[in-house]
Amino acid sequence: MVFQTQQAVRAAILLLFTVLIFKFHYTGEITMFINPKYIGLSQIASVLFLILFFIQITRIWEKKTHHHHHDHECSHNHDCDHNHDHGNTPMTLKKVVSYVIIAFPLVTGFTIPAKVLDSSIAEKKGGMAVITGKSEASSPDESAQEEAAQPSDTEILPNPYGEITQEEMNSLVQKLKQSDPIDMDDYVYYLNYEEISKDVASYKGREITLRGFVYKEEGFQSDQLVISRFLITHCVADASIIGFLTQFDEAATLDKDTWVEATGVLDVTTYNGTEMPFIKITDWKTIEQPSEPYLFPLNVKIL
């Protein structure tokens, strides 16, 4: 029996990917990387990696054969051009580079703790240009109609990560139109945000409560800041910042990325030529970063 080192390395990689995905699910960190609607697919992927691992370990030990009996069955097949690799050919620089590339996400996944996106990322993604709609990055998929992080006690739907019907969507919109005060609960945040942004004047004068992290950029007055959230449509790579420009005297004392919960009155303002909602804060407090800091859109069910 001959020990095949490269086959063993491949088996180890498959096993480590299985363990890494399981770790993310076990710790709950998986929603730091993907929209919860893909959790099922992620679990299936971990099972497939495990199955492939068990298949791969059967290739680690091979019976020793003589060259004149052919090293592998490919030699009997005239269609085989020997451009592929069975894992028992000599190690080359090209192979080493391939293994390093594949192993990189494993190394980072196990050694670097998951980090929540912050205002520095928001700035790189466009900041106020995104919030005011003057950046392509501000438009998540059209199918993403509503956000779906953990709902409060007032949740309407039993599954915050599932699909909703158009009728349920309409019901939520009607509830918003009649609400005063407006509670920007995580479950309805994105839906409310979209509706308010489309018709700012209709909501002028209403009280609103929301939470998010502090975002500031050049051009803001000392008493202004944005109470922001990151919206993730598919995965963390497509995260876009959304939020409300606010005004209150103590704004200057708050550092970027501080999480706050605030209540204020909706108004209308113009920023860089764009009309947008604006909140005059009447009450606020700092809070701990929530266990689920991101917002995730829900899809409207196509019947």
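Student: Which residues does UniProt list for "transmembrane region"?
Tutor: This is a predicted model, while the ranges come from a database record. The UniProt entry is unreviewed. For "transmembrane region" it lists residues 7–26, 38–57 and 96–114.

Student: How far apart are the end C-alpha atoms over residues 7–26?
Tutor: Over residues 7–26 the chain is 100% helix and 0% strand. The C-alpha atoms at the ends of this stretch are separated by 29 Å.

Student: What percentage of the chain is helix over residues 96–114?
Tutor: The end C-alpha atoms of residues 96–114 are 27 Å apart. Strand makes up 0% of this stretch, and helix makes up 84%.

Student: Which elements give two or more residues to the nonpolar patch on the surface?
Tutor: The patch consists of Leu15, Leu16, Val19, Leu50, Phe54, Ile57 and Phe110, with about 530 Å² of accessible area together. The elements that give two or more of these residues are helix H1 (5–27) and helix H2 (39–57).

Student: Is Val19 buried, partly exposed or exposed?
Tutor: Val19 is placed in helix H1. Buried means under 20% relative accessible area and exposed means over 50%. Val19 has 38% relative accessibility, so Val19 counts as partly exposed.

Student: Is Gln56 buried or exposed?
Tutor: Gln56 is part of helix H2. Leaving out residues up to four places away in sequence, Gln56 touches Gln7, Arg10, Ala11 and Leu14. The relative accessible area of Gln56 is 7%, so Gln56 is buried.

Student: Which residues touch the most other members of the largest nonpolar core?
Tutor: The largest nonpolar core has 47 residues. Elements that each supply at least two of them include helix H7 (189–198), strand E5 (207–215) and strand E7 (240–247). A second, separate core has eight residues, among them Ile13 and Leu20. In the largest core, the residues that touch the most other members are Met184, Ile196 and Phe244.

Student: Which residues is Met184 in contact with, leaving aside neighbours within four places in sequence?
Tutor: Met184 belongs to the largest nonpolar core. With those neighbours set aside, the contacts of Met184 are Tyr189, Asn192, Tyr193, Ile196, Ile208, Thr209, Leu210 and Phe244.

Student: What percentage of the residues of the protein chain count as buried?
Tutor: The protein chain has seven helices and 11 strands. It exposes about 17,100 Å², and carbon and sulfur atoms supply 56% of that area. Of its 303 residues, the share that counts as buried is 42%.

Notes. Residues are numbered from 1 along each chain as its sequence is written. This is a predicted model: local features need pLDDT of at least 70, side-chain atom pairs count only at pLDDT 80 or more; totals for chains, interfaces and linings use all residues. Side-chain values use heavy atoms; hydrogens and water are left out. Helices (H or I, at least four residues) and strands (E, at least two) are DSSP runs, numbered from the N terminus. Buried means under 20% relative accessible area, exposed over 50%, partly exposed in between (1.4 Å probe, protein chains only). Accessible areas come from the Shrake-Rupley method with a 1.4 Å probe; for residues, only the protein chains shown count as cover. UniProt positions are given in the numbering used here, feature names are shortened, and annotations may be inferred rather than shown by experiment. A nonpolar core is a set of buried Ala, Val, Leu, Ile, Met, Phe, Trp, Tyr and Cys residues joined through side-chain atoms within 4.5 Å. Contact means heavy atoms within 4.5 Å. Patches are made of residues with over 30% relative accessible area and no salt bridge: like charges are joined within 9 Å, nonpolar side chains (Val, Leu, Ile, Met, Phe, Trp, Tyr) within 5 Å. A salt bridge is a side-chain nitrogen of Lys or Arg within 4 Å of a carboxyl oxygen of Asp or Glu.
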